[in-house]
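Got the viewer open? Let's take a walk through this one together, one selection at a time.

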Amino acid sequence: MTLARIAMPIEPLLDPEGFLSRECPNPDCLRQFRAHNEGVPSQETYTCPYCAQEYPVNSWWTQEQQQFHMKLAHSLRDAASSSAMEGFDKLFKDVARRSKGNIRYRSTGSTRGSTPPPPLPKHADASRLVTPSCHPPALLKVSEDWRESIHCYACGSTVAA
């Protein structure tokens with residue numbers, strides 16, 4: 001028996017300009033911003049541009065991204081389960097056929113299909129671009145309404161007010 005390949009199209013999480021939406025995990029903040037994918041150095045923690053709190057790198061997914069990833073995981077699980085059930089069904093039918101009537105097999109019926117989750121909503125670009133002097137390629141897009149200090153996502157330095 002060979003394993004089937006499961007292919008599922010995944011919408012890129014980046015906007016057309018290469019920015020990734022992020023959300024501060026601080027319960028007192030939870031503000032969203034966007035960080036340019038190419039300019040942010042790889043490290044273990046990042047800093048919120050708004051509240052300046054530092055959190056592990058895997059903490060910055062938006063609620064929408066977390067829901068998308070959960071739906072994607074369920075879709076992949078369903079696709080794998082469906083593929084496995086089809087394989088077993090085919091195997092047991094073959095065993096029953098080869099037994100010349102000594103073994104009877106009746107398929108359990110339909111297997112659940114899998115559909116990818118809907119793409120993430122496109123965010124309106126009502127944000128201002130900030131270029132940190134400490135990490136110039138680490139471009140940020142923050143809310144135009146924010147009038148307090150803005151901190152570098154990479155190092156936490158104050159980069160704008």
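Which element of the chain has the lowest mean pLDDT, and which the highest? Colour by confidence and have a look. Helix 1, residues 63-98, has the lowest mean, at 69, while strand 4, residues 54-56, has the highest, at 96. What you're looking at is a predicted model, so those colours are worth keeping on for a moment. Where pLDDT is low, the predicted coordinates shouldn't be read in detail. For the chain as a whole, the average pLDDT is 77, and 61% of the residues score at least 70.

Now switch to cartoon view. You'll find one helix and eight strands. Follow the chain along its sequence and the pattern goes β-β-β-β-α-β-β-β-β.

**Stop one: the sheet.** Select strands 1, 2, 6 and 5. These four form an open sheet in the order 1-2-6-5, with antiparallel pairing. Strand 1 (19-23) and strand 5 (127-130) are the edge strands, each pairing on one side only. Turn the sheet and look for its twist, which averages 30° from one strand to the next. If you're wondering what holds such an arrangement, strands of a sheet pair through backbone hydrogen bonds, either parallel or antiparallel.

**Stop two: from one edge inwards.** Start with strand 1 and add strand 2, residues 32-36. The two run antiparallel and are joined over five bridges. Pick out Arg22 and you'll see Phe33 of strand 2 standing opposite.

Stay on strand 2 for a moment. Why is this strand largely enclosed by the rest of the structure? Four of its five residues are buried, so the rest of the structure largely encloses it.

**Stop three: across to strand 6.** Next, bring in residues 140-143, which make up strand 6. Two bridges join this strand to strand 2, again in the antiparallel sense. Click on Ala35 and look for its bridge partner in strand 6, Leu140.

**Stop four: the other edge.** Finish the sheet with strand 5, which pairs with strand 6 over four antiparallel bridges. Zoom in on Leu129: opposite, in strand 6, stands Lys141.

**Last stop: the whole chain.** Zoom out and switch on the surface. The chain exposes about 10700 Å², and carbon and sulfur atoms supply 53% of that area. How much of the chain is buried? Of the 161 residues, 31% are. Then show contacts: among those with a separation of 6 or more, 53% are between residues 24 or more positions apart.

Definitions and conventions: Residues numbered from 1 in each chain as written. Predicted model: local features only at pLDDT ≥ 70, side-chain atom pairs only at ≥ 80, totals over all residues. Heavy atoms only, no water. Pairing = 2+ DSSP bridges. Axes fitted to C-alpha atoms, helices over the stretch in contact; angles between N-to-C directions. pLDDT = per-residue confidence, 0-100. Buried < 20%, exposed > 50% of the residue type's maximum accessible area, 1.4 Å probe, protein only. Contact = heavy atoms within 4.5 Å. Areas by Shrake-Rupley, 256 points an atom, 1.4 Å probe, with all protein chains shown as cover.
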